[in-house]
Each structure stands twice: as C-alpha cells, then as structure tokens.
Amino acid sequence: MKKVREISGDSIVPIVGDGAIATEEVGEGRMIPLVVIDCSEKVEFRDLIYAHENLIPGDVNITWVTPRWGNKKVGLLLEFKKPSVLEVLFQFDIKKQGIVVDAILHSNALYIQPEESESKVSKWLEKARILIEIPDTGFLQEWDKRYTKTISKNFKKSGFSRAESKKATEEFKIKAREIWAQRMKQN
C-alpha cells in the first residue's frame, strides 16, 4: 500500500556530483555510491555530517519516494533522529542518475558528502562524509520497472527497434550491475 505524503521543498538538498568509493574496511571491498551535495541552503545537514566524524552513528529512517505525477524522478528521503532531528530529500533524475539509484539499491549503502569549494573527485576523498545503510524497503521492484522503461526509451530514441531496445536494456542493466558488484582485491 502506497502512502501519500507532502514533503516540504525545504527538505530538498541538491546533488552536485556522484561517484563511488571502494575500501577494504567498508562493505568488504565492494563499490558504494557517493553523492556530493550542496548544503548552502541546508547548513544544518552539513553540520550533521561533520558531527558524525566524532560521534557514534545516529538513527535515520529511509524512504524511497516517487512523485504523484510523472516517472522522470525518484527521491530518497532521509529522516535523521540522532544526533539531531532533520529531514532531507535527494531527488534523482532517472535518465541522468538512474545508474546511481540502481547502485544504491543493490549495494544497500550510500556515502553522502557535502560540497566544498573543491570540485575534483580526487579531492573528495579527503572530505568528511557519512555512510548511510539503505535497507531493502520493498522499492526495488517498482524501481526496476521505472528504470527499465527509461533505459528502453533512450535506446528507442537512438534508433533501436522495440526488440533491440528490450535486449539492449537488459544487457545494459546486467553489465552495470556487474561493475558495481566488483570488489577490491584484498592484499
């Protein structure tokens, strides 16, 4: 059963970059998606991230959200309970960031890092970030439908027939998931 809820526009925190981090210490060496966010309008979220550097992990509720109209975006709502109460929403454009959402859902984790003045990915590694566990909320089946439809539409726009588009979509998803499933080699 889907719940309908209004989410305040004040909760939206823009994503300004994305990538992945793989370390032996976290996730047994698997790649975990990273989103870099603009906290200029949500300074309290940046402060919460910095606070996590010196504190034990806090409590956060995770909800995947879809707009009432349209299939072009999905959202990830984070409701923090500790060390402070805060609600943030990340909006993902499926066409542009679908691979990131897919990776989050399959790795069951997400790094979140505030943007500072540095825009080079190599410099992001030195910045404060938090790791959020993203449990299975039952959204994967709904996501797969939306993601498949978006990818297939893009192949069709590129001139693929319906059958070719369907085959290319499945191959794309398999290859992308294989890449995300790779693990760092242990020394």
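**View 1. Strands β4 and β5 pair in the antiparallel sense.** In this predicted model, strand β4 covers residues 73–80 and strand β5 covers residues 86–93, and 8 bridges hold the pairing between them. The two strands form a hairpin, with 5 residues lying between β4 and β5. One of the pairings can be followed residue by residue, since leucine 76 has phenylalanine 90 in β5 as its bridge partner.

**View 2. An open sheet of 4 strands shows mixed pairing.** The order of the strands in this sheet is β1-β2-β6-β7. Its edge strands are β1 and β7, the latter made of residues 130–133, and each of them pairs on one side only. From one strand to the next, the twist averages 25 degrees. Helix α1, residues 43–51, packs on the sheet and touches β2, β6 and β7, while the direction of α1 makes about 115 degrees with that of β6.

**View 3. Strands β6 and β7 run antiparallel.** Strand β6, which comprises residues 109–114, is joined to β7 by 4 bridges. Within this pairing, alanine 109 has glutamate 133 of β7 as its bridge partner. Strands of a sheet pair through backbone hydrogen bonds, and the pairing may be either parallel or antiparallel.

**View 4. Helix α5 has a buried face.** For the 20 residues of helix α5, residues 162–181, a rise of 1.5 Å a residue gives an expected span of 28 Å, and this agrees with the 29 Å that separates its end C-alpha atoms. The buried residues of α5 are Ser165, Ala168, Thr169, Lys173, Ala176 and Trp180. When α5 is seen down its axis, these buried residues fall within an arc of 135 degrees, so they line one face of the helix. Exposed residues, namely Ala163, Lys167, Ile174, Lys175 and Ala181, are found on the other side of α5. The elements that cover the buried residues of α5 include strands β1 (15–21) and β2 (32–37) together with helices α2 (94–107) and α4 (140–157).

**View 5. Arginine 146 is a buried residue of helix α4.** Its relative accessibility is 9%, and because buried means under 20%, arginine 146 counts as buried. The side chain of arginine 146 makes a polar contact, at 3.0 Å, with the side chain of asparagine 71. When neighbours within four places in sequence are left aside, arginine 146 is in contact with Thr66, Gly70, Asn71, Lys73, Val74 and Ile94.

Notes. Residues numbered from 1 in each chain as written. Predicted model: local features only at pLDDT ≥ 70, side-chain atom pairs only at ≥ 80, totals over all residues. Heavy atoms only, no water. Expected span 1.5 Å × (residues − 1). Buried < 20%, exposed > 50% of the residue type's maximum accessible area, 1.4 Å probe, protein only. Arc of directions from axis to C-beta. Contact = heavy atoms within 4.5 Å. Pairing = 2+ DSSP bridges. Axes fitted to C-alpha atoms, helices over the stretch in contact; angles between N-to-C directions. Polar contact = N/O pair within 3.5 Å; in protein donor to acceptor, adjacent residues only side chain to side chain.
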